[in-house]
Amino acid sequence: LSPASRLARLMAGEKRLTCDPVLSDDPGAHLPVFVELDGTKSEGLWAIVDHLEGNYPEHPLTPEDPVRRAEVLRWLDWAMGPLHDQVTRRIVFEKGAQRYTGTVSRSAPDMNIIRQGREALRFMLKTVGQAAEANGNLAMRECTLADLAVAAHLSALDYFGEIPWTEYSPVAEWYVRIKSRPSFRTLLSDRVPGQPPASTYA
């Protein structure tokens, strides 16, 4: 359920790379980690993004045009910054098991924190919906790293049924398109023992 790990898997899928995700035995490890067949290792999301975009250019996820590229990277920063800190950390990391979220500590879910995350989520969903309506996808018409980054978070939130899809139809329509991509298939088959997904997840 770690959005960073999910994004790395989505990128690998979009690059047409076979990826076998495994759980780390070290809860303090710098995750995610991408290991090539020759042993080359990229540790952490930013290193993986750079490695995959630089070494597998056949299916680019960031456009060459500098203005559009900047917009894609702005969305990536937004997803892994405000969206992660204000929403995902407060909901998914509170509700999910430590082994499956990548959080460094585990305690009983705090409903006050979860409620704060839910309030922030509504504001974030408006932002996503406005962009999807204006651009087709978030940064531009084509699917880019921006879409995958935000979808990685929404998929983790959707696992717990935390997204009011019927109230945000532009977001729902955009997300259905993104999760219909072949790269999303393995994510939708993920299951956390003892915590089955919401009916909307698959």
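Which residues of the largest nonpolar core touch the most other members? Leu-7, Trp-75, Leu-138, Val-150, Leu-154 and Trp-174 do, in a core of 61 residues. The views below begin with the whole fold and then move in. The model is predicted: local features need pLDDT of at least 70, side-chain atom pairs count only at pLDDT 80 or more, and totals for chains, interfaces and linings use all residues. Residues are numbered from 1 along each chain as its sequence is written, and side-chain values use heavy atoms, with hydrogens and water left out.

**View 1. The overall fold has 8 helices and 2 strands.** Helices (H or I, at least four residues) and strands (E, at least two) are DSSP runs, numbered from the N terminus. Their order along the sequence is α-β-β-α-α-α-α-α-α-α. The C-alpha trace spans about 45 × 45 × 25 Å along its principal axes. The radius of gyration is 16 Å, which agrees with the value near 17 Å for a compact globule of 202 residues. That quantity is taken over C-alpha atoms, and the globule rule is 2.2 Å times the number of residues to the power 0.38.

**View 2. The surface of the protein exposes about 10,400 Å².** Carbon and sulfur atoms supply 51% of this area. Accessible areas come from the Shrake-Rupley method with a 1.4 Å probe; for residues, only the protein chains shown count as cover. Buried residues make up 47% of the 202. Buried means under 20% relative accessible area, exposed over 50%, and partly exposed in between (1.4 Å probe, protein chains only).

**View 3. Leu-7 is seen in the largest nonpolar core.** Such a core is a set of buried Ala, Val, Leu, Ile, Met, Phe, Trp, Tyr and Cys residues joined through side-chain atoms within 4.5 Å. Leu-7 is among the members that touch the most others in this core. At least two core residues come from each of α1 (3-14), α2 (45-55), α3 (66-95), α5 (111-135), α6 (145-159), α7 (169-179) and α8 (185-188). Setting aside residues up to four places away in sequence, Leu-7 touches Leu-45, Leu-76, Met-80, Leu-145, Leu-148, Ala-149 and Ala-152. Contact means heavy atoms within 4.5 Å. Across the protein, 66% of contacts between residues at least 6 apart in sequence join residues at least 24 apart.

**View 4. Arg-9 and Gly-13 both lie in helix α1.** Arg-9 counts as buried because its relative accessibility is 16%. Its contacts, without neighbours within four places in sequence, are Cys-19, Pro-21, Thr-186, Leu-187 and Asp-190. Gly-13 is partly exposed, at 26% relative accessible area. The C-alpha atoms of Gly-13 and Pro-182 are 7.4 Å apart, with their positions 169 residues apart in sequence.

**View 5. Arg-16 sits in the loop between α1 and β1 (33-35).** Its phi is positive, at about 65 degrees, although Arg-16 is not a glycine. Most residues other than glycine have a negative phi. Arg-16 counts as exposed, with 56% relative accessibility.

**View 6. His-51 is found in helix α2.** Buried or exposed? At 12% relative accessibility, His-51 counts as buried. Beyond its neighbours within four places in sequence, His-51 contacts Phe-34, Glu-36, Thr-40, Ser-42 and Tyr-56. Lys-41 is 10 residues away along the chain, and its C-alpha atom is 9.4 Å from that of His-51.
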